[in-house]
Amino acid sequence: MPRYVAVIDQGTSSTRCMIFDHDGQVVSMAQVEHRQFYPRPGWVEHDPLEIWRNAQAVAVEALRKAEIEADEIAALGIANQRETLVVWDKNTGDPVYPAIVWQDTRSADICERLAIESGPDRLRAITGLPIATYFSGPKLQWLLNHLDGVRLHAERGELLCGTIDSWLVWNLTGGKDGGVHVTDVTNASRTLLMNLETLAWDDDLLAAMNIPASVLPAIRSSSEIYGTAKGIFANVPVAGILGDQQAALFGQTCFSAGDAKNTYGTGCFMLLNTGPKPVQSRHGLITTVAYQLGSAAPVFALEGSIAVAGALVQWLRDNLGLIRTATEVEYLANTVEDNGGMYIVPAFSGLFAPYWRADARGVVVGLTRYINKGHFARAALEATAYQTRDIVDAMRRETGLQLDALKVDGGMVVNETLMQFQSDILGIPIIRPDVTETTALGAAYAAGLAVGFWRDIDEIRNLWRKDKEWQPRMTPAARERLYAGWSKAVTRTFGWID
């Protein structure tokens with residue numbers, strides 16, 4: 001009898017395969033980074049074939065490390081970077097263009113034209129989303145408009161498109177030899193093309209962006225059997241798909257309305273479970289599908305999306321050379337007592353929630369001769385915590401809920417300096433789970449539920465364990481003084497791009 005669930009967790013900077021046992025514990029993990037391409041300012045691309053090769057490589061390595069065979073895997077789940085778009089030839093399996101990454105801003109002109117009638121909230125009542133370069137639909141329109149012959153091939157039914165989950169599932173289930181072309185409701189809800197009420201592609205939205213429906217994947221729930229894998233995971237049901245942030249919400253067992261989590265990765269994403277009805281935001285948040293289990297009704301969430309979190313630490317490492325490895329940032333930050341009056345607002349691709357300012361660009365403010373590289377490191381960490389405070393305040397205004405604590409996960413939560421400052425600037429406890437790789441864990445739970453590996457969400461809820469908790473130490477006066485400086489710094493980013 002199969003004893004494990006496997007997950008391919010395809011993120012912005014790397015691809016992992018993780019194998020979990022019935023207790024939700026990690027049995028093995030393999031990970032490899034992929035290249036980032038920046039062909040023009042504001043453009044960000046990945047190589048879909050490199051991602052697919054890496055997915056296969058980490059799958060082989062994870063099975064080897066666990067010393068198990070594929071027939072011991074009960075189900076395979078997928079978690080993925082969400083709004084990143086891939087378009088490929090269904091007859092050859094070759095991408096027609098590099099993957100256009102969620103951070104990419106090349107569709108700004110398209111978004112401006114879409115918003116010209118009624119502003120950026122024109123489509124919010126249907127999609128839950130503001131019109132922004134973040135989402136996949138405008139990226140697809142850009143590609144169809146700018147690549148010679150692509151629109152003609154799309155209209156002939158020769159091309160397929162989707163977010164990374166669709167690309168992986170199609171390849172895993174046979175590719176050009178019968179691959180299944182699907183996505184789940186969480187990823188579809190990030191396109192500006194899905195109707196939140198019907199959970200279907202919306203004809204009016206497709207017409208507004210001049211997108212042929214034939215290229216789009218079928219929308220399915222987050223937990224069901226989509227098809228059977230070929231190759232490395234031969235005969236294993238592919239049974240769970242969740243966009244990475246919804247996967248982390250699920251992995252943190254945030255199953256009740258009012259439960260919230262924050263994931264600290266390349267970007268930073270906070271989700272609040274709002275229950276069975278979508279809540280339309282008036283304060284710059286995104287209304288999104290949290291998950292749908294089989295034929296059950298969907299569960300919705302409010303989300304605050306931050307474009308740059310861990311990516312700012314990478315910038316210190318790769319662009320400025322202040323650190324050699326990402327983990328060194330904590331040591332460097334602790335060489336100083338505070339930020340020295342300096343703030344970094346990392347609006348490298350504009351500002352996401354709650355501002356949604358495509359015209360913003362990053363700033364470093366408050367510089368004096370006193371500032372050294374330790375202050376740069378501390379300001380980089382604090383920027384993530386301040387951006388999270390922006391989101392928490394927006395959620396409080398939106399729902400009236402006062403968070404008692406915040407569950408956290410993702411690669412940055414090993415940074416205890418950041419976690420303490422996050423507790424200080426929010427004034428609430430921060431709780432890190434025993435298994436911090438909750439994105440992969442959530443996709444494992446979704447896949448396992450579909451095949452009966454776990455009975456129900458109550459069984460899963462009982463698997464959650466706390467690792468560490470941070471309590472606020474900062475005085476309210478100091479908290480508000482520091483946050484006021486951040487808010488002032490944010491205003492300096494506005495209007496940089498005409």
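## Worked exercises on a predicted model

In this model, Thr228 sits opposite Pro237 of S14. Keep in mind that the whole structure is predicted. The exercises below start from that residue pair and move on to other parts of the chain.

**Exercise 1. Work out which strands Thr228 and Pro237 belong to, and place them in their sheet.**

Step 1: Start with the strands. S13 covers 223-228, and S14 covers residues 237-243. Thr228 therefore falls in S13 and Pro237 in S14, since strands are DSSP runs.

Step 2: Look at how the two strands pair. S13 and S14 are antiparallel, with three bridges between them.

Step 3: Zoom out to the sheet. It's an open one with six strands, ordered S3-S2-S1-S5-S14-S13, and its pairing is mixed. S13 is an edge strand, as is S3 (26-33), and each of these pairs on one side only. On average, neighbouring strands here are turned by 25 degrees against each other, ignoring direction.

Step 4: Add the helix. H6 (residues 164-172) lies across S1 (4-10), S5 (73-80), S13 and S14, and runs at about 145 degrees to S5.

**Exercise 2. Follow the pairing from S15 to S21 and on to S22, then give the handedness of the crossover.**

Step 1: Take S15 and S21 (residues 406-409). They run parallel and are joined by three bridges. Thr263 has Asp409 in S21 as its bridge partner.

Step 2: Move to the next pairing. S21 and S22 (residues 430-433) are parallel too, joined by two bridges. Here Leu406 stands opposite Ile430 of S22.

Step 3: Trace the connection. From S21 the chain passes through helix H13 (residues 416-426) and on to S22, a right-handed β-α-β crossover.

**Exercise 3. Classify the ring pairs Phe255–Tyr291 and Phe352–Trp356.**

Step 1: Decide what to look at. An aromatic ring pair is described by how far apart the centres are and by the angle of the planes. The whole structure has 22 aromatic pairs, and we'll take two of them.

Step 2: Phe255 and Tyr291 have ring centres 6.3 Å apart and planes at 80 degrees, so call this one edge-to-face. The pair links distant parts of the chain, 36 residues apart: Phe255 is in the loop between H9 (244-251) and S15 (260-264), while Tyr291 is in S17 (residues 286-291). Both Phe255 and Tyr291 are buried.

Step 3: Phe352 and Trp356 are 5.3 Å centre to centre with 20 degrees between the planes, which makes them stacked, because planes under 30 degrees apart count that way.

Step 4: Check burial against the cut-off of under 20%. Phe352 has a relative accessible area of 6%, so it's buried. Trp356 comes in at 18%, so it's buried as well.

Step 5: See what else is linked. Phe352 and Trp356 belong to a cluster of ring pairs that includes Trp102, Tyr134, Phe135 and Phe269.

**Exercise 4. Find where Arg106 and Arg389 sit relative to aromatic rings.**

Step 1: Arg106 lies over the face of Trp142, 4.7 Å from the ring centre.

Step 2: For Arg389, the charged end is over the ring of Tyr483, at 4.0 Å from its centre.

**Exercise 5. Is Glu50 buried or exposed, and which residues does Glu50 touch?**

Step 1: Locate the residue. Glu50 is part of helix H1 (residues 48-66).

Step 2: Read the accessibility. Its relative accessible area is 9%, so Glu50 is buried.

Step 3: List the contacts. Leaving out residues up to four places away in sequence, Glu50 touches Glu33, His34 and Arg35.

Conventions
Residues numbered from 1 in each chain as written. Predicted model: local features only at pLDDT ≥ 70, side-chain atom pairs only at ≥ 80, totals over all residues. Heavy atoms only, no water. Helix = DSSP H or I, 4+ residues; strand = E, 2+ residues; numbered from the N terminus. Buried < 20%, exposed > 50% of the residue type's maximum accessible area, 1.4 Å probe, protein only. Contact = heavy atoms within 4.5 Å. Phe/Tyr/Trp six-rings, centres within 6.5 Å; stacked < 30°, edge-to-face > 60°. Lys NZ or Arg CZ within 6 Å of the ring centre and 35° of its normal. Pairing = 2+ DSSP bridges. Right-handed = clockwise from strand over helix to strand, strands pointing away. Axes fitted to C-alpha atoms, helices over the stretch in contact; angles between N-to-C directions.
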